[in-house]
Amino acid sequence: MGRYVMDWEAKRFDAMVADLFGYHAVQIGLTQFDFLRDNRIPARILCDFTGEGRDADVLAEPEALPFETGSVDLVLLPHALEFAEHPHQVLREVERILVPEGQLIIAGFNPFSLWGARRLLQRRDGDFPWQGQYLSVRRIKDWLQLLSFDTRAGSFGCYAPPMHQQRWLERFHFMDAAGDRWWPVCGGVYLLQAVKRVHGMRLIQPKWRTRAARRKTLAPVASPGQRVARIHRKQNDE
């Protein structure tokens, strides 16, 4: 099952990060799989929070990342939100360290799928990945919108039921071909790409200036005949 999921996610990550540029990129979680391998950003950092990341460059809690504010151009969260104690705080930290127009790619397990149904039947203290807190795409989008992210792209995959044996996964391989067409939102896993937006400030002028400008704009303009009549009246008075 792990190879089945990782093969699909690796292809999607490779396609998404290939054309993303910047100076610093960070992958948080699952550091045994380098999903930044096809990215051309010079500084690529693997950050793990389990304490078992053999290939990690940094060990840190995802709710308190040791990176400067506005210093990272790309962040990957491969299944980091499901196993974080405070997933919303993780997104807040990602928003903090990203530069304006920075990119975020999230991978997660879909609760509305056969994999989500398997999790409901499994004990919470069971094996990985069934003990995680599966978050729906709609909830993730709501959190991202509150943090001023714009969702750019997304995809679902791994429609076959979670089977331990390779031969059974191969028997259900037809579900991957039919899933994108007939039940596209029921894939076992999903990838979601978002962009951090920073809205500019708008100066508000005092109301008295606006009123004066409006009165000046609406002031009547005398016609040529009216101006000549005023000149004659002034000469007669003199």
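These are my notebook entries on a predicted model, taken one topic at a time.

**Entry 1: the sheet**

I started with the strands. I found 7 of them forming an open sheet, in the order β3-β2-β1-β4-β5-β7-β6, with mixed pairing. The edges are β3 (58–59) and β6, and each of these pairs on one side only.

Next I went through some of the neighbours. β1 and β4 are parallel and share 3 bridges. To find my place there, I looked for Gln27, which stands opposite Leu76 in β4. β4 and β5 also run parallel, this time with 6 bridges, and here Leu74 faces Gln103 in β5. To get from β4 to β5 the chain goes through α2, and I noted this β-α-β crossover as right-handed.

On to β5 and β7: these two are antiparallel, joined by 7 bridges. My marker for this pair is Ile105, which stands opposite Gln193 in β7.

**Entry 2: helices on the sheet**

Which strands does helix α1 touch? I got β4, β5, β6 and β7 for this helix, which spans residues 2–17 and packs on the sheet. Its direction makes about 25° with that of β7. I then turned to α4, which lies across β5, β6 and β7 and runs at about 10° to β7.

**Entry 3: what is covered**

How many residues of β4 are buried? I have 7 of its 7 down as buried, so I wrote "mostly covered" beside this strand.

Then I looked at the nonpolar cores. The largest has 33 residues, and Val75, Leu77, Leu91, Leu104, Ile140 and Leu144 are the ones with the most contacts inside it. Several elements give two or more residues to this core, among them β1 (24–28), β4 (72–78), α2 (87–97) and β5 (98–109). Also on that list are α4 (137–146), β6 (149–157) and β7 (189–196). As a general note to self: nonpolar side chains in soluble globular proteins tend to be buried together.

I picked Leu91 for a closer look. Leaving out residues up to four places away in sequence, Leu91 touches Leu77, Leu81, Leu104, Ile106, Trp143, Leu144 and Leu147. There is a second, separate core too, with 27 residues, including Met6, Ala25, Phe35 and Ala107.

**Entry 4: two positive phi angles**

I checked the backbone angles of two loop residues. His79 sits in the loop between β4 and α2. Its phi is positive, about 60°, although His79 is not a glycine. Is His79 buried or exposed? I have it as buried, because its relative accessible area is 4% and the cut-off for buried is under 20%.

Cys158 is in the loop between β6 and α5. Cys158 has a positive phi of about 60° as well, and it is not a glycine either. Cys158 counts as buried because its relative accessibility is 2%.

**Entry 5: one exposed residue**

Last, I looked up Glu170. Where is this residue placed? I found Glu170 in helix α5, which covers residues 166–171. Glu170 counts as exposed because its relative accessibility is 53%, and the exposed class begins over 50%. I also checked Glu170 against Ala160, 10 residues apart from it along the chain: their C-alpha atoms are separated by 8.8 Å.

Note on methods:
Residues numbered from 1 in each chain as written. Predicted model: local features only at pLDDT ≥ 70, side-chain atom pairs only at ≥ 80, totals over all residues. Heavy atoms only, no water. Helix = DSSP H or I, 4+ residues; strand = E, 2+ residues; numbered from the N terminus. Buried < 20%, exposed > 50% of the residue type's maximum accessible area, 1.4 Å probe, protein only. Core = buried A, V, L, I, M, F, W, Y, C linked by side-chain atoms within 4.5 Å. Contact = heavy atoms within 4.5 Å. Pairing = 2+ DSSP bridges. Axes fitted to C-alpha atoms, helices over the stretch in contact; angles between N-to-C directions. Right-handed = clockwise from strand over helix to strand, strands pointing away.
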